[in-house]
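Visitor: Could you take me slowly through one part of this model, the pocket, and then show me how some of the rings are arranged? I am new to reading structures, so please go step by step.

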Amino acid sequence: MTVRTRFAPSPTGYLHVGGARTALFNWLFARKHGGTFVLRVEDTDEARNTEEARQAIFDGMKWLGLDWDEGPEKGGAFGPYYQSQRTAIYDTWFEKLVAAGRVYEDGGAWRFRFERQPVTMHDLVCGEVTIDYTDESNTPDMVVKRSDGSYVFHFVNVVDDLEMEITHVIRGEDHLMNTPKHLQLIAAFGGKAPQYAHIPLILNPDGSKMSKRDAGAAVADYPRQGFLSVAVVNFIALLGWNPKTEQEIFTLAELVERFSLENVNRSPGRFDLEKCKWVNQQHLLDVSVDDFAIASRPFVEAAGLPIPENYPAVIAAVKDKVRLFSDVPAAVDFLLKDDFSYDEDAVAKVRGNAAAGGLLGALATAFEPISDWSADAAKAALNETAQAAGAKPGQLMFPLRVALSGRGHGPDIGDVLTLLGRDRCVARVRHFAEKLS
């Protein structure tokens, strides 16, 4: 059996992280089994569908690396892949129900006549689920065709899965109770049902159901904030899937190799944007300095900062300190311009050392005659300055960092000394010494 999975978004809004995870699990399952991943668009809601939303879904999937084998922009043997273009196909399948006596008219609409018996489904994640259709008051016959002639979701969803020979339907747990209805329809058509796998919901950290308005919900926001697509895919995969090891950082190829429906959790996944940023940082560690410099440059330029000739060296100094490309401007601003701000807490900590101002003034004087400037030469001058004042070199390191960067933490102080050069270091140390006095 050739595995065929599908993702069937409705273009009524942007690509939500929940939808992205559904697409990802279908994509991973198809790739794992050498199968086909189908994209079809459920665009029958003409009042709410927009071209902008459709494009946002396509762009989001492409950014995530979730390429589809059949569907819009690709074609395939089972098209068209827009439901709005499949009405003639639905009419043909509806006539099958009419001929079989399984539908009847009710106030202009058409209802599907359920078999009045228990229906058991075997879900690959949730296990065995039974819905009893014996009592019609609990499970009234389902409308499949509205009075205006349009078909409902349940009907077109089943027809499309049968027509496109979908073998595995991997979708959100909120569709679990729809599946027995779909199984009844499939049986009435005389078709072979796909295997179903209903994946858990995604919750906010406080346990509430994640909505489209919550932070981190829109896939389109991630590239704008400076996330790597592979990191977002890595994070989303872990929302409901467990590799059964301690490993948390995966490449796309590793996810394909390791993914299985058996390891999808029954309990909801908890979305944590801070964890997503941590995952992104782990992936950034594997990015080359040159690639990092190229990817971060638009964020630095957008912040109005100049791009010097030694920009790759500047980036190399902060690369391991940031979690997102959007963090880079704040991390490098003091290296790119001289009118930076001082962190008041760091300044207050320096003021707590009454000798700091005098030591820094002496250090600026010691820096001035160094002709062959280097981090080692500057540190040697720092050691001599401290010893001459009867202080320990460590007492000068923090004040020096604040003088050069305006903050109490950041890149290695040796990198800062090298990147700024002698004259800028002298000017900043002297300025800060005066500021303290």
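**The largest pocket and the aromatic pairs**

Guide: The largest pocket has a volume of about 1300 Å³, and, like everything that follows, this value comes from a predicted model. Its lining is made up of 47 residues, and those that lie nearest the centre of the pocket are Ala8, Pro9, Ser10, Glu42 and His175. If you look for the elements that give two or more residues to this lining, you will find strand 1 (4-7), helix 1 (17-32), helix 3 (87-99), helix 4 (153-163) and strand 8 (168-172). Helix 1 gives the most, with 5 residues. Sorted by class, the lining of the largest pocket holds 16 nonpolar, 18 polar and 13 charged residues.

From the pocket we can turn to a single residue, Asn49, which is placed in the loop between strand 2 (36-39) and helix 2 (51-64). With a relative accessible area of 18%, Asn49 counts as buried, because the cut-off for that word is under 20%. The side chain of Asn49 reaches the backbone oxygen of Asp43, at 2.6 Å.

Now to the rings, where the count comes to 20 aromatic pairs. One of these is formed by Phe340 and Tyr342, whose ring centres are 5.3 Å apart and whose planes stand at 50 degrees, so the pair is tilted. Phe340 and Tyr342 are both buried. Tyr342 also forms an aromatic pair with Phe432, and this one is stacked, with 5.4 Å from centre to centre and 10 degrees between the planes. Because Tyr342 lies in the loop between helix 12 (328-336) and helix 13 (344-351), while Phe432 lies in helix 17 (residues 413-436), the pair ties together parts that are 90 residues apart in sequence. Phe432, like Tyr342, is buried.

Elsewhere, ring pairs link a cluster of residues, namely Tyr90, Trp93, Phe94, Trp110, Tyr151, Phe155 and Phe189. Phe94, a member of that cluster, has Lys145 lying over its face, at 4.6 Å from the ring centre. A charge is also placed over the ring of Trp68, where the charged end of Lys74 sits 5.5 Å from the centre of the ring.

How values were computed: Residues are numbered from 1 along each chain as its sequence is written. This is a predicted model: local features need pLDDT of at least 70, side-chain atom pairs count only at pLDDT 80 or more; totals for chains, interfaces and linings use all residues. Side-chain values use heavy atoms; hydrogens and water are left out. Rings of Phe, Tyr and Trp (its six-membered ring) pair if their centres lie within 6.5 Å; planes under 30 degrees apart count as stacked, over 60 as edge-to-face and the rest as tilted. Buried means under 20% relative accessible area, exposed over 50%, partly exposed in between (1.4 Å probe, protein chains only). Helices (H or I, at least four residues) and strands (E, at least two) are DSSP runs, numbered from the N terminus. A charge sits over a ring if NZ of Lys or CZ of Arg is within 6 Å of the ring centre and within 35 degrees of the ring normal. On a 1 Å grid over the protein atoms alone, a cavity is a set of points where a 1.4 Å probe fits but cannot get out, and a pocket is an open set with protein on both sides within 12 Å along at least five of seven lines; lining residues have an atom within 4 Å of a point. Grid points are joined across faces, edges and corners, and a volume is the space filled by probe spheres set on the points. Ala, Val, Leu, Ile, Met, Phe, Trp, Tyr, Cys and Pro count as nonpolar, Asp, Glu, Lys and Arg as charged, and the others, Gly among them, as polar. A polar contact is a pair of N or O atoms within 3.5 Å; within protein, one must be able to donate a hydrogen and the other to accept it, and residues adjacent in sequence count only if both atoms are side-chain atoms.
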